[in-house]
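User: I would like a close look at one helix pairing in this model, set in the context of the chain that holds it. Please take it step by step.

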Amino acid sequence: MTLKANLKYNICWLILMVAGFYLMNTLILAGVIDSFLENMVVTIGINIMLAVGLNLIIGFAGQFSLGHAGFMAVGAYATAIIISKTPTAGALYLSIIVGVIIAIIAALIVGIPTLRLRGDYLAIATMGAAEIIRIIINNMKITNGPSGMFNIPQFATWPVVYIMVCVTTIIIVNFIHSRGGRAALAVREDEIAAESMGINIFKWKLAAFVLGAATAAVAGSMQASYLQTIAPNNFNIMESIAILIIVVLGGVGSITGSFVAAIILGVVDTALQNFGALRMVIYAVVLILIMIFKPSGIMGSTELSFKRLFNRKNKKVGAKS
Amino acid sequence: MTTLFQQLINGLSLGSIYALLALGYTMVYGIIKLINFAHGDIYMLGAFWGYYTINFWHFNFIFALLSAMVVCAAAGVIIEYFAYRPLRHAPRITALITAIGVSYFLENGMSYLYGADTRNFPQVIKQVNYNLWGVRVSNIQILILGTACLLMILLQLIIKKTKMGRAMRAVSVDPDAAELVGININRTISFTFALGSSMAGAAGVLIGLYYNSIDPLMGMTPGIKAFVAAVVGGIGSIPGASLGGFLIGILETAVQSVGLSAYKDAAVYLVLIIILLVLPAGIFGKNVKEKV
């Protein structure tokens with residue numbers, strides 16, 4: 001029933017995804033997108049994965065996590081270690097799965113005790129946990145310590161990243177629209193009311209947290225294999241904050257917003273490359289101004305929805321006839 | 001036994017810097033519930049002010065410290081006026097991102113204007129080491145500890161005894177009710193930022209003297225650690241912030257002294273998580289019961 005009812009909209013999304021893929025492909029073949037711009041596009045894709053995952057935790061489950069970079073590091077190092085040892089494309093997919101599993105275990109270890117905390121206390125505890133992950137990686141032999149790993153084989157080309165962005169987004173959006181997602185929304189709105197309606201608040205908080213961590217691990221894998229070098233310092237608090245900035249700038253609780261903000265920030269970042277040292281100063285001023293004049297983010301909490309577009313069109317047609 | 005006391009002294013001097021910074025975090029958080037990420041950079045501004053005034057205007061130490069406090073207080077008030085005041089009623093996460101923006105602005109603005117390289121802080125006070133029963137104490141350590149304690153007592157007096165301090169406590173309990181009884185909220189919040197930032201400025205000059213090197217990104221890590229200290233002590237509580245600062249300082253030097261210096265930050269965060277799990281509101285924090 002629901003499958004049939006939503007078929008039209010799902011096909012629209014599918015067409016959009018395939019069209020996006022072919023647009024990228026033609027632009028690269030036509031030489032419009034050179035390797036410099038391709039780098040920008042892939043970075044945007046990785047940031048989208050990270051931001052969508054964090055938006056699930058912060059925007060939909062209402063849990064303020066500042067430890068996203070820690071889970072990203074887990075995925076990145078899993079991929080880096082595995083595909084450095086066995087450089088095949090199959091190993092990349094295996095390493096993504098391994099990274100996701102380790103990230104899920106890490107998220108359970110971090111989440112089970114800390115998700116009892118609230119608000120800023122949770123933020124600071126998850127930040128601490130992510131820093132602990134980073135410091136452990138920093139001191140291990142297999143990860144090559146603080147100098148990081150380099151010459152990682154590049155199997156994650158842009159089509160792989162593109163497909164991964166689509167897959168992780170579909171999984172997260174489906175979770176949000178499922179029973180579990182509605183439970184998480186209820187937890188965000190009011191924990192006590194949700195609990196009194198028989199929702200296991202801890203279970204759904206943890207589910208959102210773990211799912212977000214798993215997608216962060218996928219993004220980490222992509223980054224390790226695309227950029228070919230990683231170091232523990234790439235995954236410090238500043239990285240977590242950079243992801244948080246995308247989420248808040250796009251609008252907390254809007255997946256579309258995370259996409260828009262990741263794209264805008266990626267383009268702005270590339271455009272500001274020529275400014276050298278002034279780059280971050282301009283970036284900071286832009287950030288402050290956007291926050292002051294648009295406190296709820298670019299998209300607020302609205303989403304791009306084909307359902308709404310169609311309904312609006314139908315209404316207009318109905319009004320005319 | 002001597003090593004124990006030696007580490008205790010080292011830990012206390014580092015801890016007093018964290019405590020001074022944590023006070024600013026805790027006061028600002030107590031009054032407007034904002035994690036002021038730019039606070040660590042105010043501390044950097046203080047250190048740079050000390051560097052320039054001592055090197056080029058030949059200020060003596062006391063004068064450099066006091067002027068750094070005044071300048072940092074002004075910087076704190078200006079930041080609050082332009083960046084945080086327009087967001088007084090916005091979602092808290094928005095204000096947090098703005099604070100991060102201000103932090104980026106200060107860090108990169110300073111790097112742009114003065115270069116990102118590390119500088120040597122002028123040794124305005126000649127280091128003298130005293131030997132007390134086998135424990136080596138330098139006059140700079142005594143100075144840091146003394147100044148920090150003096151400032152903390154002064155702060156406690158301002159908050160407990162003056163009219164403005166009473167207004168601050170009132171606004172932190174209930175801003176609406178405070179406004180009803182005639183308290184000027186904006187002025188009170190500005191005053192809080194001035195107080196907190198002046199503490200950070202003092203900490204900046206003191207750390208310059210202690211570690212002898214400053215750079216534009218120096219505020220990042222101590223800022224986060226000081227916030228951890230404030231949370232450990234119970235955010236919003238003044239004695240909690242001082243205690244948390246000393247605790248973190250002592251813990252860090254203790255982990256370092258047993259040869260695990262690579263894990264000193266991990267130990268700080270681990271203790272933070274454990275304390276939060278046992279006491280969800282920190283050591284001195286009030287546990288607010290949620291009512292339906």
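At what angle do helix α2 and helix α9 of chain B pack, and how far apart are their axes?

Analyst: In this predicted model, helix α2 of chain B, which covers residues 39-56, packs against helix α9 of chain B, residues 220-233, at an angle of about 130°, and the two axes are 8 Å apart. Because angles over 145 degrees would count as roughly antiparallel and those from 65 to 115 as roughly perpendicular, α2(B) is classed as oblique to α9(B). The crossing of α2(B) and α9(B) is, in addition, right-handed. On the α2(B) side the contact is made by B:His39, B:Gly40 and B:Tyr43, while α9(B) contributes B:Met220, B:Pro222 and B:Gly223. Sorted by character, the residues of this contact comprise 3 nonpolar and 3 polar ones, with no charged residue taking part.

As for the surroundings, chain B has a secondary structure of 11 helices and 4 strands. Its radius of gyration is 19 Å, close to the 19 Å that the globule rule gives for 292 residues, so chain B is as compact as a globular protein of that length. Taken along the principal axes, the box filled by the C-alpha atoms of chain B is roughly 60 × 45 × 35 Å. Of the 292 residues in chain B, 53% count as buried, and among contacts in the chain with a separation of 6 or more, 77% are accounted for by residues 24 or more positions apart.

How values were computed: Residues numbered from 1 in each chain as written. Chains lettered and ligands numbered in written order. Predicted model: local features only at pLDDT ≥ 70, side-chain atom pairs only at ≥ 80, totals over all residues. Axes fitted to C-alpha atoms, helices over the stretch in contact; angles between N-to-C directions. Helix = DSSP H or I, 4+ residues; strand = E, 2+ residues; numbered from the N terminus. Parallel < 35°, antiparallel > 145°, perpendicular 65-115°, else oblique. Left-handed = near helix turned anticlockwise from the far one by under 90°. Contact = placed C-beta atoms within 7 Å. Nonpolar A, V, L, I, M, F, W, Y, C, P; charged D, E, K, R; others polar. Rg over C-alpha atoms; globule rule 2.2 N^0.38 Å. Buried ≥ 20, exposed ≤ 12 C-beta atoms within 10 Å, placed from the backbone.
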